[in-house]
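Welcome! Let us walk through this structure together, starting with its sheet and then stepping back to take in the whole protein.

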Amino acid sequence: AGANNASTGHSSVIYEGSGSTSQRITGFPFSPDLVWLKCRGAAENHNLMDTVRGWGKRLKTNNTNAEETFSGGGFYPDGFAPETTSDDQNKNATTFVAWGWDAGDSDPVSNTDGSITSTVKASTTNGFSIVTWTGTGANATVGHGLSSAPDWVLVKDRDNANDWIVWHSALADGTQHLKLNATEASSPNATYWNSTAPSSSVISLGNNSKTNGSSQKFIAYCWHDVTGKQ
């Protein structure tokens, strides 16, 4: 993405944790809507925070944990402040990397493109959106807010210990999936995506509890290729 590159809507920073002192991490050329950070010098968890769920709620891509809450820290116009005493975010004298994505300047909106109403924050310029919804347990679709079909979709059940389910355009069709938190190869399963690849307006969901469990809260991060950007 290049150093502090605003034009791609993606950037990254490196910082050193303080352990017990509140600090503000700057260097993003935009106000990040998704921050994905990882301790580089110790075996700590990945942490993902976004502006749709709100700071203080994190998911961990290296495990199946449900969404966790924490206090302290926050989003800023040029970065974020990590949770002060968290080894995952601010381990003393240890280096961290944080990746940030820009989903645009507008507030999250209700999206009715799918059979399930979703809440979406999207930047069609950057080809990135954040999508939340409540599952139905039956075949359905949710609007993603982008102008093209996503090339990459990450889905997580926020309420339960379930796998991160991944679709990518390199998988060729809507029956295939990967698991972000696991090492297994891709495999077919019609119940995740209802055997349907994402379209220019919606993500298709089957009846699997990992992508569309009844009354469960879900989040998806969606990206598509944008001409002239990597």
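Before we look at the sheet, one term is needed: two strands count as paired if DSSP finds at least two bridges between them. Please also keep in mind that this is a predicted model.

With that in hand, we can follow an open sheet made of eight strands, in the order S10-S11-S12-S19-S14-S15-S16-S17, with antiparallel pairing. At its edges are strand S10 (109-111) and strand S17 (187-188), each of which pairs on one side only.

A good place to pause is strand S19, which covers residues 217-223. In the order of the sheet, S19 stands between S12 and S14. How many of the seven residues of S19 are buried? Six of them are, so to speak, under cover: the strand is mostly covered.

Now look at the two neighbours of S19 in turn. On one side is strand S12 (residues 128-134), which runs antiparallel to S19 and is joined to it by seven bridges. If you would like a landmark here, find tryptophan 133, which stands opposite phenylalanine 218 in S19. On the other side is strand S14 (residues 152-157), where six bridges make an antiparallel pairing with S19. The landmark for this pair is valine 155, with alanine 220 of S19 opposite.

From S14, the order of the sheet takes us on through S15 to S16 and S17. Strand S16 (residues 176-179) and S17 run antiparallel and are joined by two bridges. Here you can find histidine 177 opposite serine 187 in S17. With S17 we have arrived at an edge strand.

Let us now step back to the whole protein. Its elements are three helices and 19 strands. The radius of gyration is 17 Å, close to the 17 Å that the globule rule gives for 230 residues, so the protein is as compact as a globular protein of that length. Along the principal axes, its C-alpha trace spans about 50 × 35 × 30 Å.

What share of the 230 residues is buried? Buried residues make up 51% of them. Contacts also tell us how the chain comes together: among those between residues at least 6 apart in sequence, 60% join residues at least 24 apart.

Finally, we come to the outside and to the charges. The accessible surface is about 9300 Å², and 45% of it belongs to carbon and sulfur atoms. There are 15 positive and 21 negative side chains, and the centres of these two sets lie 4 Å apart.

Key
Residues are numbered from 1 along each chain as its sequence is written. This is a predicted model: local features need pLDDT of at least 70, side-chain atom pairs count only at pLDDT 80 or more; totals for chains, interfaces and linings use all residues. Side-chain values use heavy atoms; hydrogens and water are left out. Helices (H or I, at least four residues) and strands (E, at least two) are DSSP runs, numbered from the N terminus. The radius of gyration is taken over C-alpha atoms; the globule rule is 2.2 Å times the number of residues to the power 0.38. Buried means under 20% relative accessible area, exposed over 50%, partly exposed in between (1.4 Å probe, protein chains only). Contact means heavy atoms within 4.5 Å. Accessible areas come from the Shrake-Rupley method with a 1.4 Å probe; for residues, only the protein chains shown count as cover. Lys and Arg count as positive and Asp and Glu as negative; His and the chain ends are not counted. The place of a charge is taken as NZ of Lys, CZ of Arg, CG of Asp or CD of Glu.
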